[in-house]
Amino acid sequence: MSGVLGVDIWRGTEQGAFQAFAIPRRTHQTVLDVVTEIQREHDATLSYRFACRVGMCGSCAMVVNGRPRWTCRTRVTEVVEDGGRLRLEPLRNFAVVKDLAVEMTQFFDKWKEAHGYFEPGAAPERDFAVVPPESTERQLADAGIECIGCGVCYSACDVVAWDEDYLGPAALNRAWTLVNDVRDRGQPTRLDAVSGSDGCQACHTHMSCTTFCPKAIAPTYAIAGLKRAMVKRSLRGAR
Amino acid sequence: MPALFLAQRATAFVLACAVPVHLATILYAVRGGLTAAEILARTHGNIGLALFYGLFVIAVAIHAPIGLRNVLREWTAWRGRSLDVALAVFSLLLLVLGLRAVFAVYST
């Protein structure tokens, strides 16, 4: 592959402008390769975030030609037609630190708010828990457990854009995996945490999170599961 | 809160059944060119119709304010107790006006 790739990159914070670059097109070039080449060869002041480069760490997500994506696993050929340009912006629904780097504190704080952490209870079991792989709970937990916390779903979510207090798809997905963890002893407080006006019931089922999740997780179904669990608990009477 | 979520879903179920009946009734009533007086003559004293529309009004008075609360929370910065009070008043208004209309059609 040869030729030149035109790239427009957001520079600044909330205020700023796109800066144009031109770099060689290369075979199998990823979007992250493009950003790295620009930062190393053209403008060392360009800020962005990455770590593993193999789709594990979830740190390199950006908005690529209008859609949130993990850039290390997105080839330029997937998103740019012949003669087209690459347009890179920071993730939406996050405060911008600088250029393509966003502030993710609020995103991860919401995982805590949603009780997205394992609660062993006051007296943890003495022995290993046996969780059969074929059990329904295990399969439901497995469906959402591979989240890498990249923020793509949060960037794509309309409800987060409308309501900054909404817990968001990633935190609710994590809560759902724990609701299905038979070892966990913190279900009442977790269901209370995700049942507020800013919790699972605020989801409009637009499915943007499910559409854009690079790990093919379906947070929409996790949120639907939380709604069912919340309703069941309400009908039984909160204890 | 779950109570509002549950109330909205439950009333949505009622409305999903009631709205088609309501529309079908309208179409049936005007099909033969009945006048308002002729329609009122049929609704007068009809307890089944009064109960149906009474339930319809109660469902609307619960369902609509909760949905409006969600819309306002998403599209404006209005939150908190003042929003809840305003929508409780709106709910009461729908309930009073709706039941008044049902009573008028039943008793006229």
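This tour moves through a predicted model, naming what to select at each stop and what is found there.

**Stop 1: chain A as a whole**

Begin by selecting chain A and displaying it as a cartoon. Chain A contains 10 helices and 7 strands. Its C-alpha trace extends over about 65 × 35 × 30 Å along the principal axes. Of its 239 residues, 38% count as buried. Consider next the contacts in chain A between residues with a separation of 6 or more: 66% of them join residues that are 24 or more positions apart.

**Stop 2: the two domains of chain A**

Colour residues 4–102 of chain A as domain 1 and residues 104–236 as domain 2, following the domain assignment. The C-alpha centres of these two domains are 29 Å apart. How many residues does each domain give to the contact? Domain 1 of chain A gives 15 residues, and domain 2 of chain A gives 15 residues.

Now remain on the side of domain 1 that touches domain 2, and select β3 (61–64) and β4 (67–70) of chain A. These are the elements that supply two or more residues to that side. The largest share, 4 residues, is given by β4(A). Sorted by class, the residues on this side of domain 1 comprise 9 nonpolar, 2 polar and 4 charged.

**Stop 3: residue A:F50**

Select A:F50 and show its side chain. This residue is located in the loop between α1 (31–41) and β3 of chain A. Is A:F50 buried, exposed or partly exposed? Because A:F50 has 18 C-beta neighbours inside 10 Å, and a buried residue requires 20 or more while an exposed one has 12 or fewer, A:F50 counts as partly exposed.

Leaving aside residues up to four places away in sequence, A:F50 touches A:L32, A:S59, A:C60 and A:C72. Select these four partners together with A:F50 to view the contacts. As a further exercise, select A:V7, which is 43 residues from A:F50 along the chain; the C-alpha atoms of the two are separated by 19 Å.

**Stop 4: a helix pair in chain A**

Proceed to α7 (residues 169–179) and α8 (residues 187–194) of chain A. Their axes come within 11 Å and cross at roughly 155 degrees. Angles over 145 degrees count as roughly antiparallel, so α7(A) is roughly antiparallel to α8(A). The crossing of α7(A) with α8(A) is left-handed.

Which residues meet here? From α7(A), select A:L172, A:A175, A:L178 and A:V179; from α8(A), select A:Q187, A:R190 and A:V194. The residues of this contact divide into 5 nonpolar, 1 polar and 1 charged.

**Stop 5: where chain B touches chain A**

Add chain B to the display. The contact between the chains takes 7 residues from chain B and 9 residues from chain A. On the side of chain B that touches chain A, α1 (2–31) and α3 (47–75) of chain B each supply at least two residues. That side of chain B has 5 nonpolar, no polar and 2 charged residues.

**Stop 6: a helix pair in chain B**

Finally, keep α3(B) selected and add α4 (residues 80–107) of chain B. The two helices pack at an angle of about 160 degrees, and their axes are 9 Å apart. This angle makes α3(B) roughly antiparallel to α4(B). The crossing of α3(B) and α4(B) is right-handed. The contact between these helices has 19 nonpolar, 3 polar and 1 charged residues.

Notes: Residues are numbered from 1 along each chain as its sequence is written. Chains are lettered from A and ligands numbered from 1 in the order in which they are written. This is a predicted model: local features need pLDDT of at least 70, side-chain atom pairs count only at pLDDT 80 or more; totals for chains, interfaces and linings use all residues. Domain bounds come from an automatic or database domain assignment. Two residues are in contact if their C-beta atoms, placed from the backbone, lie within 7 Å. Ala, Val, Leu, Ile, Met, Phe, Trp, Tyr, Cys and Pro count as nonpolar, Asp, Glu, Lys and Arg as charged, and the others, Gly among them, as polar. Axes are lines fitted to C-alpha atoms, for helices over the stretch in contact, and angles run from 0 to 180 degrees between N-to-C directions. Angles under 35 degrees count as roughly parallel, over 145 as roughly antiparallel, 65 to 115 as roughly perpendicular and the rest as oblique. A crossing is left-handed if the near helix is turned anticlockwise from the far one by less than a right angle, and right-handed if clockwise.
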